[in-house]
Amino acid sequence: MTPNYYPKSPTHVPKKLTKLPFSYQLKASLAVLSILLFFILYSILICTIGYLVWYAFSYPMGSINKITVLLKAGAIAGAVMLLLFTLKFVLKLKNHTPSNRIKLDQKNHPNLWNFIHQICNETGAPNPKSIYADPDVNAYVSYNNMWLSLIFPVKKDLTIGLGLISCLNLSEFKAVMSHEFGHFAQRSMKIGSYIISANTIIHDMIFSRDKWDEALEQWRASDIRVSIAAWIITPVIWLIRQVLNLFYQFLNIMYSLLSREMEFNADKVAIHTSGSEAIIASLFKLNDGFTLWNTTIQHAYLAAQKKIYVENLYTHHTIAVRKASEAQKEIINNLPADIRGGKKYFSAAENSKVNMYASHPPNNLREDNAKTPYIHCEEDNRSPWILFDSKEAIQQKMTQLIYSQYLQKRPTDFVSEKAFEAFITAENQGKELLEEYHHTFENRYLHIPSMDRLQQETYKIAENNSYSLTVLKEELVLLMKPIKEIEELLLKARQISEGTTKENQFSFNGIRYNKKNLQEGYTLLLEQREKLFNESFIDWDTRFCAYHLLLAKQANTTDKLIQLYKQHTVLSTIYRAISRTKGFILQELQVLQSKEDILQSEISGFQLKINQLIQSLNTEIKELDHLTFTPLPNIETAQELKEAIIEKGRFREEIGPIFDNGGFSRIINALETAMVHCQRIDQKSIGKILSYHKELQISPTPN
């Protein structure tokens, strides 16, 4: 008997639920007209330039001399260069095939294929040519050959991200797949292919700088008698690019309008097979699933630095989802009831974090669309993994792909599931204490003063019997208030930029910022937050550390806490030095680039300064060898600490012309990576300090 893995469909569905509304048909028509207009004008451009080429070859020279020969050659060369400019995209035509996919053939995955075939039968969509799996929280439909799809009825492929599967139940998975097959059934999907093709042509002509541009540059740099034609066609190229840029923007506006309607219609198809609740619940759950999957990949990356590998990363993603599910269920249970039916998941404009939905309409509008009308459907809470025959094998194969393509590792030895979970547990150690202090330490340095200053502060606190941890936390709430206000404005600025809020401006310090000066306002907010972090918290940090040092004195464990403070100070010094070095290099680069003429001696001097800064950083990191190191979670030795900052424990010193051989980019990338690593180490060190503070808070004071 064949098992039934197909969830029940709604029993009462309006006949016209998936009928295309007039707004959809209107926007599809406008998109088609815009494409036709582009290709007509593009054809006219090619024919005009083609005629110029013919005329350049065929016009009579009259008397033959140096001038007429140069004019003839220049006319031919200029016309041919213009023709190549309009056709150069043809030389770059490629059918992009993602390399991070595994094909799921029908023979080895019959249950999944049967499930997909049933969705196709229910939605009226054509069956996919192939089904692929990729590693992420993802699902999408694509032509297996976009360029051929412009002419022939090419079949489409379905790609399912394995990271998606642990996040949803079977009904929600059916809804997500039905949404994708809603696109399969849309004829307007081909409009998207034409617009993408037109954009590829225009983008190459406007923005790409390749060998054609190099040839034109070299031609202009030659003798004026030879280069005059190059100088004549240069403004023509500029004019063509400006006109095409307008078309580029126009086409994308038309497609974005149509795309919105396509997504709403695809959601209706999902509702037709799975009801209103499943597709909206999946949107809600996938945000957390996306975050948890990224965290799983981050853990794999960090573990790989210690040569710790696991055969199946999806086991740990599933564990993370399961741990988070209780809190998620509680959140869903506490959501307000929607008068239309079910729960009210989204109350304001919010775009999905998940890449597959990042360009879709805001979630609250999708919820409104899904519940107009509300369609009830019985929920199937089984896991979609039941559709995958030999799921362990496909998960392990995808894990190997992640290691090789994402992390550039090829492991052969693996630890147990238990050992990898122990690594994850250690990595998360202390995070709950960071939350206890309103996340104040997550975006700033912990300012630990000198031991003399700390001792002085302990005497003051000892004399003030009313001073306590409660008072410290109350002070922190007041200090964090302006920070939180700025962070709310930062969020609003991002929402205005993304178009996910009805508001179009915000005010700060009496000045209004809208889309025209949004970046200026956003930068000012970041600078003000950084200023508050650097100036407003110094005294509080001093009292905070001194208060716990006093507790340590009372418990006769001063040495341990002082060692933690000293170690953190050293780590913060390295973190700040790396940050300053990157900032200085980029600032000096900007100064050099602003000059009209740069002397070779200035470039050489800049390179020498960069090498000196890198050597200085390596010296600071080497000093860790002399540190009495207190182990941190997943960092047991000073050597591991150095390697946790930068690969092999030191920055690579580039040689040769670094601005030509890629050395400069490698230096900047290394500094950026080291800053991310230092942020992780900083949080571990603070977590270690807070954990010991917690011990001191609950330990009895000796008589």
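A residue counts as buried when its relative accessible area is under 20%, and as exposed when that value is over 50%. In this predicted model, C120 has a relative accessible area of 2%, so C120 is buried. C47 falls on the other side: its relative accessibility is 57%, and therefore C47 is exposed. Across the whole structure, a search finds 0 disulfides. C120 fits that result, as the nearest cysteine sulfur, belonging to C377, is 18 Å away.

The nonpolar interior comes next. In soluble globular proteins, nonpolar side chains tend to be buried together. Here the largest nonpolar core holds 53 residues, and F115, I116, I160, L162 and M177 have the most contacts inside it. Helix 10, spanning residues 276-305, supplies the largest share of this core, with 8 residues. Beyond its neighbours within four places in sequence, F115 is in contact with Y5, Y6, P7, L170, F173, K174, M177 and L387. A separate core of 45 residues lies apart from the largest one, and its members include A493, F533, A546 and A552.

A493 and F533 also appear where helix 17 meets helix 18. Two packed helices are described by the angle between their axes and the distance between the axes. For helix 17 (residues 469-498) and helix 18 (residues 518-535), the axes come within 10 Å and cross at roughly 160 degrees. Angles over 145 degrees count as roughly antiparallel, so helix 17 is roughly antiparallel to helix 18. The crossing is left-handed. On the helix 17 side the meeting residues include P482, I486, L490 and R494, while those from helix 18 include L518, Y522, L525 and R529.

Technical notes: Residues numbered from 1 in each chain as written. Predicted model: local features only at pLDDT ≥ 70, side-chain atom pairs only at ≥ 80, totals over all residues. Heavy atoms only, no water. Disulfide = S-S within 2.5 Å. Buried < 20%, exposed > 50% of the residue type's maximum accessible area, 1.4 Å probe, protein only. Core = buried A, V, L, I, M, F, W, Y, C linked by side-chain atoms within 4.5 Å. Helix = DSSP H or I, 4+ residues; strand = E, 2+ residues; numbered from the N terminus. Contact = heavy atoms within 4.5 Å. Axes fitted to C-alpha atoms, helices over the stretch in contact; angles between N-to-C directions. Parallel < 35°, antiparallel > 145°, perpendicular 65-115°, else oblique. Left-handed = near helix turned anticlockwise from the far one by under 90°.
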